[in-house]
Amino acid sequence: MTLWSLLVAPFADFAFMRRALVACFALALGCGPVGVLLMLRRMSLIGDAMSHAVLPGAAIGFLIAGLNIWAMGLGGLVAGISVALLSGLVTRNTSLREDASFAGFYLISLSLGVLIVSTKGSNVDLLHVLFGTILAVDDAALLTVAGIASLSIAVLALIYRPLVVECFDPGFLRAVGGGAGSIFHVVFLVLVVVNLVAGFQALGTLMAVGLMMLPAAASRFWARDVWSMAAVSIGVAMLSGWIGLLVSYHRDLPSGPAIMITAGVAYVVSIVVGREGGIIWRYMPRRHLEA
Amino acid sequence: MAGLRLAPIEVRDLTVAYDRHPAVHHVTCRFEPGSLTAVVGPNGAGKSTLIKSIVGLLRPAEGRVSVGDLKRRDIAYLPQQADIDRSFPITVADTVALGHWARVGIFRAIGRPLRDKVAEALSAVGLEGFEQRPIGSLSSGQFQRVLFARLLLQDAGVILLDEPFNAIDARTTQDLLDLIGRWHGEKRTVIAVLHDMDQVRQHFPDTLLLARELVANGPTPDCLTAANLLAARRMSERWQDDAAVCAPEKRRA
């Protein structure tokens with residue numbers, strides 16, 4: 001087997017592989033920076049909660065229009081934003097912390113979703129919604145994913161400064177009257193949901209968050225500031241998509257988990273050898289510098 | 001500097017409560033423009049609460065704080081360090097550059113002249129050449145200097161400092177006190193929450209002694225008497241779970 005047939009031929013030969021690859025690249029562009037900011041806001045697990053919270057909306061959309069990204073996306077968006085806003089409301093007005101209020105609402109939402117899918121659809125349907133089918137990405141889905149990626153990058157560029165300051169030093173932003181920090185927070189949560197929706201078709205509701213969090217967590221070990229972390233995160237996500245698709249093609253494995261596991265490998269490797277605090281550097285004693 | 005806006009800060013009958021228990025209780029006081037005041041009192045006396053109310057971060061349960069025609073940008077505020085994520089991947093230069101917020105806001109670029117100001121501010125606090133260091137690599141004293149550099153850039157007429165010298169070594173404290181002295185000389189209003197009474201006596205002409213209620217307010221030597229300090233300690237230790245509702249008539253009587 002030549003390198004060509006191993007790495008490139010599947011994409012050269014099959015249109016569905018090319019579409020899947022482009023979809024992964026577009027996802028990476030949106031999810032990379034969003035994931036990094038989510039992580040820096042210490043909301044990694046909330047991203048996970050959100051990806052489950054969108055299930056009932058996505059399920060309803062799926063039952064009405066089948067595996068149509070617009071219907072599922074819209075439903076998911078409504079469900080996700082309701083959960084985000086409800087838990088935000090509870091957090092701000094009661095003594096319950098954000099993680100607890102999120103957990104409460106996303107569990108309700110998730111169980112509703114499973115209930116809807118299992119009473120109205122078949123098990124195959126449930127698998128579609130939960131795991132996605134990246135190899136069946138059509139033009140409409142591709143355009144949606146690309147559109148969402150462009151939108152996320154544009155919006156992030158607009159609110160980048162207050163968003164970063166708000167997670168670094170929220171008190172400062174409030175004190176200088178840098179706008180209501182909570183508005184940026186809400187806009188950002190909407191971006192998270194929108195990107196999760198983009199990930200549906202490719203990876204399913206269960207794993208859409210993976211392409212957001214794994215590359216972001218890996219990037220922490222390679223870069224020192226926010227924008228370079230976002231760049232690394234995009235790179236890792238793209239690479240995971242490419243290699244994951246190849247693995248799934250050659251070994252005849254489901255593509256979603258293959259992509260996720262590739263990203264997982266990148267994450268573990270980063271923890272071990274990453275230049276910024278990777279474990280291996282701790283055990284490779286180099287002589288200390290002059291004081 | 002020439003554009004410093006001057007106005008007294010007036011606190012009138014201010015009550016701020018957490019869960020209905022007042023942290024600041026019917027406090028009335030006034031900070032003249034250009035004054036240098038230390039806010040002292042035992043733990044839980046409502047010092048931080050008072051400062052936050054002046055900044056506008058807390059809503060009074062009763063009474064009001066009036067800052068004249070001062071805008072948000074005219075009031076610089078240094079919170080206690082716990083509020084800041086020190087592991088955040090950001091450089092010293094970018095942290096200090098936040099002090100330009102009133103000038104650049106969300107969208108405007110931070111160009112060469114503003115970058116130069118950052119470098120100047122860093123050298124003013126004794127951190128020349130630290131621009132590209134990540135803040136996670138600084139000691140807490142160095143980080144406090146960074147925050148003072150940011151305050152320098154904010155160039156505000158009113159500066160509020162909440163326990164600025166906690167866990168800071170003597171040398172750094174002295175440098176930062178000098179900086180505060182410089183601000184005082186420039187006729188800025190400075191209010192600092194402090195614990196070290198000797199420091200207050202040496203460097204702060206005015207003092208406000210707080211124990212949820214106002215104990216004393218005025219020139220430092222008149223305020224920090226043994227009797228006042230004892231009264232403050234007694235008052236702050238009082239906490240009743242079943243406290244009655246505070247009735248205005250009773251207070252006036």
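In chain A of this predicted model, the residue Gly66(A), which stands just after helix H5(A), takes a positive phi of about 75°. The helix that precedes this glycine spans residues 55-65 of chain A, and its buried residues are Leu55(A), Pro56(A), Gly57(A), Ala58(A), Ala59(A), Gly61(A) and Phe62(A). A positive phi is also found at Asp252(A), where the angle is about 60° although this residue is not a glycine. Asp252(A) is placed in the loop between H13 and H14 of chain A, and with a relative accessible area of 68% it is exposed.

Helix H14 of chain A, which covers residues 255-273, also takes part in a surface feature, since it gives six residues to a nonpolar patch and thereby contributes the most to it. The patch is formed by Trp222(A), Ile261(A), Val265(A), Val268(A), Val269(A), Val272(A), Val273(A), Ile280(A) and Met284(A), which together have about 720 Å² of accessible area. One of these residues, Trp222(A), lies in the loop between helix H12 (210-219) and helix H13 (226-251) of chain A. The relative accessibility of Trp222(A) is 35%, so this tryptophan counts as partly exposed.

As to confidence, the predictor assigns the complex an ipTM of 0.78 and a pTM of 0.82. For chain B the mean pLDDT is 87, and 92% of the residues of this chain reach 70 or more. Where pLDDT is low, the predicted coordinates should not be read in detail.

Over all chains, the structure holds 16 salt bridges. Among the residues of chain B, Glu10(B), Arg12(B), Arg30(B) and Glu32(B) are linked in a network of such bridges. Within this network, the side chain of Glu10(B) meets that of Arg12(B) in a salt bridge with an N to O distance of 3.7 Å, and it meets that of Arg30(B) in a salt bridge with an N to O distance of 3.4 Å. Because Glu10(B) lies in strand E1 (residues 9-18) of chain B and Arg30(B) in strand E2 (residues 21-31) of chain B, the latter pair ties together parts that are 20 residues apart in sequence. Glu10(B) is partly exposed, at 24% relative accessibility, and the same class applies to Arg12(B), which has a relative accessible area of 36% and is partly exposed. Arg30(B), at 39% relative accessibility, likewise counts as partly exposed.

Another salt bridge of chain B is formed by Arg182(B) with Glu186(B), with the closest N and O atoms 3.7 Å apart. Arg182(B) is partly exposed, its relative accessible area being 41%, and Glu186(B) is partly exposed with a relative accessible area of 22%.

Strand E2 of chain B, in which Arg30(B) lies, also holds His26(B). This histidine has a positive phi of about 45° although it is not a glycine. With a relative accessible area of 12%, His26(B) is buried, whereas Asp252(A), the non-glycine residue of chain A with a positive phi of about 60°, is exposed.

The surface of chain B includes a positive patch, which is formed by Lys71(B), Arg73(B), Arg103(B), Arg108(B) and Lys117(B). Of these residues, Arg108(B) is located in the loop between helix H3 (101-104) and helix H4 (112-124) of chain B. The relative accessible area of Arg108(B) is 54%, and this arginine is therefore exposed.

Two further pairs in chain B can be described by their separation along the chain and in space. Asn43(B) and Ala211(B) are 168 residues apart along the chain, while their C-alpha atoms are separated by 8.6 Å. Asn43(B) is found in the loop between strand E3 (36-40) and helix H1 (47-55) of chain B, and this asparagine is exposed, with a relative accessible area of 64%. In the other pair, Arg64(B) and Ser53(B) are 11 residues apart in sequence, and the distance between them is 8.9 Å from C-alpha to C-alpha. Arg64(B) has its place in strand E4 (residues 62-66) of chain B, where it is partly exposed with a relative accessible area of 45%.

Methods:
Residues numbered from 1 in each chain as written. Chains lettered and ligands numbered in written order. Predicted model: local features only at pLDDT ≥ 70, side-chain atom pairs only at ≥ 80, totals over all residues. Heavy atoms only, no water. Patch = residues over 30% accessible without salt bridge, like charges linked within 9 Å, V, L, I, M, F, W, Y side chains within 5 Å. Areas by Shrake-Rupley, 256 points an atom, 1.4 Å probe, with all protein chains shown as cover. Salt bridge = Lys/Arg side-chain N within 4 Å of Asp/Glu carboxyl O. Lys, Arg positive; Asp, Glu negative; His and termini not counted. Charge placed at Lys NZ, Arg CZ, Asp CG, Glu CD. Helix = DSSP H or I, 4+ residues; strand = E, 2+ residues; numbered from the N terminus. Buried < 20%, exposed > 50% of the residue type's maximum accessible area, 1.4 Å probe, protein only. pLDDT = per-residue confidence, 0-100.
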